[in-house]
Amino acid sequence: MPPYHVCCHTPGCGRPAAYKIAARWSDGVTDELKTYALSCEECLAEGFRASRAKQAACRLAPGETLEPPGIYELSRGQRDQQLVRRPELEERLAGAPTA
Ligand SMILES: [Zn+2]
């Protein structure tokens, strides 16, 4: 049985996604991981910056919280709760000067 595979969200890329860019959202009762993008290694910096910009522009209802998007390693068959976060990548990419 072939494993399902997910592609990078960048238009025209087509490589398999290696990372999920997602932010934890909560309305005070429930919380969930909101997916911003799936990205391959090459598109990660761009996808991450775009996701952070999107999150910063997001308007929230009273009581809602939305954390800045983080980078999670995408592993086949893993549930959101089991995804491994990569804070060192976030730090590096968030601090990288824009070309
Ligand atoms: Zn890509």
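# Notebook: a zinc site and the strands around it

**Entry 1: Gln55.** I opened with a single residue, and I found Gln55 in helix H1. A reminder to myself before going on: this is a predicted model. Is Gln55 buried or exposed? Its relative accessible area is 14%, so I noted Gln55 as buried. Next I listed what Gln55 touches beyond its neighbours within four places in sequence, and I got Tyr36, Leu66, Glu67, Pro68 and Pro69.

**Entry 2: the overall layout.** I stepped back to look at the protein chain. How many helices and strands does it have? I counted 2 helices and 5 strands. Reading from the N terminus, I wrote the order down as β-β-α-β-β-β-α. Of the 99 residues in the protein chain, 31% are buried. I also looked up the contacts with a separation of 6 or more, and 51% of them join residues 24 or more positions apart. For the accessible surface of the protein chain I noted about 6600 Å², with 52% of that belonging to carbon and sulfur atoms.

**Entry 3: the strands.** I began with S1, which spans 19–26. I found S1 mostly covered, with 7 of its 8 residues buried. Which way do S1 and S2 pair? They are antiparallel, and I found 8 bridges between them. One bridge I looked up by name joins Tyr19 to Ser39 in S2. The two strands make a hairpin with 4 residues between them. In that turn I spotted Gly28, whose phi is positive at about 95 degrees.

S1 has other partners as well. Strand S4, residues 70–73, runs antiparallel to S1 and is joined to it by 4 bridges. Here I picked out Ile21, which has Ile71 in S4 as its bridge partner. Strand S3, residues 65–66, also pairs with S1 in the antiparallel sense, over 2 bridges. For Trp25 the bridge partner in S3 is Leu66. I had met Leu66 already, among the contacts of Gln55 in H1.

**Entry 4: the zinc ion.** Which residues are the protein donors of the zinc ion? I found Cys8, Cys13, Cys40 and Cys43, each giving its SG atom, at 2.2 to 2.4 Å from the ion. I then checked the angles among the 4 donor atoms: they run from 100 to 115 degrees, and the site is tetrahedral. Along the sequence I wrote the spacing of the donor residues as C-x4-C-x26-C-x2-C. Cys8 sits in the segment before S1, while Cys43 sits in the loop between S2 (31–39) and H1 (44–56), so this pair ties together parts that are 35 residues apart in sequence.

I looked up the cover of three of these donors. Cys8 is buried at 7% relative accessible area. Cys43 is buried too, at 8% relative accessibility. Cys40 comes out at 3%, which counts as buried.

**Entry 5: Cys40 and Ser39.** Where is Cys40? I found Cys40 in the loop between S2 and H1. Setting aside its neighbours within four places in sequence, Cys40 has contacts that include Cys8 and Cys13, along with Arg15, Pro16, Ala17, Ala18 and Tyr19. I also compared Cys40 with Val6: they are 34 residues apart in sequence, and their C-alpha atoms are 9.8 Å apart.

Then I turned to Ser39, which is in strand S2. Ser39 has a relative accessible area of 2%, so I put it down as buried. How many ångströms separate the C-alpha atoms of Ser39 and Cys8? I read 4.4 Å, for two residues that are 31 apart along the chain. Outside its neighbours within four places in sequence, Ser39 is in contact with Cys8, Ala17, Ala18, Tyr19, Ile21 and Leu44.

**Entry 6: disulfides.** My last search covered the whole structure, and it found 0 disulfides. Cys7 is in no disulfide, and its nearest cysteine sulfur, that of Cys13, is 8.1 Å away. A disulfide needs two cysteine sulfur atoms within 2.5 Å, so I could leave that pair out. How covered is Cys7? I noted 34% relative accessibility, so Cys7 counts as partly exposed. Cys58 is also partly exposed, at 32% relative accessibility.

Notes: Residues are numbered from 1 along each chain as its sequence is written. This is a predicted model: local features need pLDDT of at least 70, side-chain atom pairs count only at pLDDT 80 or more; totals for chains, interfaces and linings use all residues. Side-chain values use heavy atoms; hydrogens and water are left out. Buried means under 20% relative accessible area, exposed over 50%, partly exposed in between (1.4 Å probe, protein chains only). Donors are N, O and S atoms within 2.8 Å of the metal (3.2 Å for Na, K and Ca); water is not among the atoms, so sites may look incomplete. Four donors count as tetrahedral if all angles lie between 85 and 135 degrees; four count as square planar and six as octahedral if opposite donors are over 155 degrees apart and all others between 65 and 115; anything else is irregular. Contact means heavy atoms within 4.5 Å. Two strands pair if DSSP finds at least two bridges between them. Accessible areas come from the Shrake-Rupley method with a 1.4 Å probe; for residues, only the protein chains shown count as cover.
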